[in-house]
Amino acid sequence: MEISKLKQKSDRSYTIALEKQNALEKAKSRMLFAHNGHLFNADAETISLVKTLSEELGTFVILDVNDNPVLIEDPKALLDVLKSKNQEVLNSYHQLYKTITETR
Amino acid sequence: MKKGILVFCINTDLYRYDKIAQKTIPLLKKNLGLPVTVVTNFDTYNLLPPLGFVDYKLIDNQTGNFINNKPWHNLDRHRAYELSPYDKTLLVDVDFFCYSDNLLTLFDTDHDFLVHDQVHDVTGKDSYNFRRNSSIPMVWATLIFFKKTELAKSIFDMVAHIKKNYQFYCNLYRIDFPNFRNDYAFAIALQQIHGFVGYPVMPTKLATLPANAKVTSLDDQGITWTVEDRQGSIEHTDVHVIDKGVAYV
């Protein structure tokens with residue numbers, strides 16, 4: 001392949017990587033939400049933790065993003081928000097990701 | 001509880017911040033839907049175009065600070081606590097372009113004071129790694145969320161004290177930037193008021209377009225730029241734009 005083509009390919013890879021990184025940071029920002037005055041991330045780890053604990057405990061304590069303990073008195077309500085927020089954000093990211101990789 | 005946004009907008013001899021405010025304040029109003037108060041001086045106020053329902057607080061701003069040998073009117077930020085008419089305030093740099101409602105989340109927290117301690121360079125160059133420029137990690141005073149509480153007041157009062165004695169603190173913390181910088185003043189104040197053992201922060205990264213990226217176009221959806229012959233763009237993402245040329249785009 002000609003060097004100019006290789007450079008184009010390299011440029012395209014760089015642009016896709018950069019736009020993906022920006023889209024990911026945007027998604028991470030949107031995953032943040034407030035619950036009972038505390039900040040949480042609607043990420044996989046938080047969802048798994050809340051789901052696991054809620055299977056055996058009616059109420060429990062978890063840490064917010066700044067490591068403050070929070071008593072969760074309504075696990076189902078929190079889990080619903082976590083799942084909904086997570087999927088809302090990841091669906092947007094998915095759409096954006098498709099646009100980035102398909103239209104370049 | 002009254003909630004709102006406070007924006008400092010003071011022109012210098014070189015930069016027309018009123019022209020930047022003309023672009024950023026409508027975005028803040030549209031995407032956050034909160035009342036806005038602009039802190040400005042008389043000269044800048046006279047240049048500001050009508051911005052709709054916006055309150056103004058006129059101050060005699062302090063002068064005498066510089067960045068890259070250019071005047072830098074950043075010496076009144078610690079007065080935000082007394083100047084804010086709100087119980088919960090989002091203090092925003094005038095060159096912050098708000099393209100989402102993400103920041104509304106902060107108003108639902110119990111935190112008294114939050115600030116970013118990480119940035120994300122949207123050009124992918126990681127231009128803002130200042131960790132080795134001081135012995136204290138810097139925070140970004142671009143966006144500050146605070147409530148009218150004793151803790152928040154203590155932090156602002158501490159910043160006022162640090163400002164008065166900035167050279168001492170610069171030497172103490174081995175800060176490479178000799179001119180007063182709010183980012184370091186707030187970092188020092190936060191560390192001291194919280195007993196030198198860390199403090200809560202905004203757990204996201206502040207998206208930033210560095211100075212070498214020149215904004216080529218913008219609308220109410222996002223921004224495009226060029227940097228080193230490459231084009232970039234971002235949509236529906238809040239971004240702090242350092243290039244003051246954005247005033248004329």
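**View 1. B:Gly195, just after helix α6 of chain B in the predicted model.** B:Gly195 follows directly on α6(B) and adopts a positive phi of about 75°. The helix itself, residues 182-193, counts 12 residues. From first to last C-alpha α6(B) reaches 16 Å, close to the 16 Å expected at 1.5 Å a residue.

**View 2. Surroundings of helix α6(B).** Of the 12 residues of α6(B), 9 are buried, and the helix is mostly covered. Among the buried residues are B:Tyr184, B:Phe186, B:Ile188 and B:Leu190, together with B:Asn182 and B:Asp183. The cover over these buried residues includes strands β8 and β10 as well as α4 (150-164) and α5 (166-172), also of chain B.

**View 3. Strand β8 of chain B and its partner β10.** In β8(B), residues 113-116, B:Phe113 and B:Val115 point one way, while B:Leu114 and B:His116 point the other way. All of these residues are buried. The antiparallel pairing of β8(B) with β10(B), residues 140-147, runs over 4 bridges. Opposite B:Leu114 stands B:Phe145 of β10(B).

**View 4. The open sheet β7-β15-β11-β9 of chain B.** The sheet has 4 strands and mixed pairing. At its edges lie β7 (96-97) and β9 (119-121), each paired on one side only. β9(B) runs parallel to β11(B), residues 206-209, and 3 bridges join them. Within this pair, B:Asp121 has B:Thr208 as its bridge partner.

**View 5. Contact between chains A and B.** Chain B contributes 16 residues to the contact, and chain A contributes 16 residues. On the side of chain B that touches chain A, 5 residues are nonpolar, 8 polar and 3 charged.

How values were computed:
Residues numbered from 1 in each chain as written. Chains lettered and ligands numbered in written order. Predicted model: local features only at pLDDT ≥ 70, side-chain atom pairs only at ≥ 80, totals over all residues. Buried ≥ 20, exposed ≤ 12 C-beta atoms within 10 Å, placed from the backbone. Helix = DSSP H or I, 4+ residues; strand = E, 2+ residues; numbered from the N terminus. Pairing = 2+ DSSP bridges. Contact = placed C-beta atoms within 7 Å. Nonpolar A, V, L, I, M, F, W, Y, C, P; charged D, E, K, R; others polar. Expected span 1.5 Å × (residues − 1).
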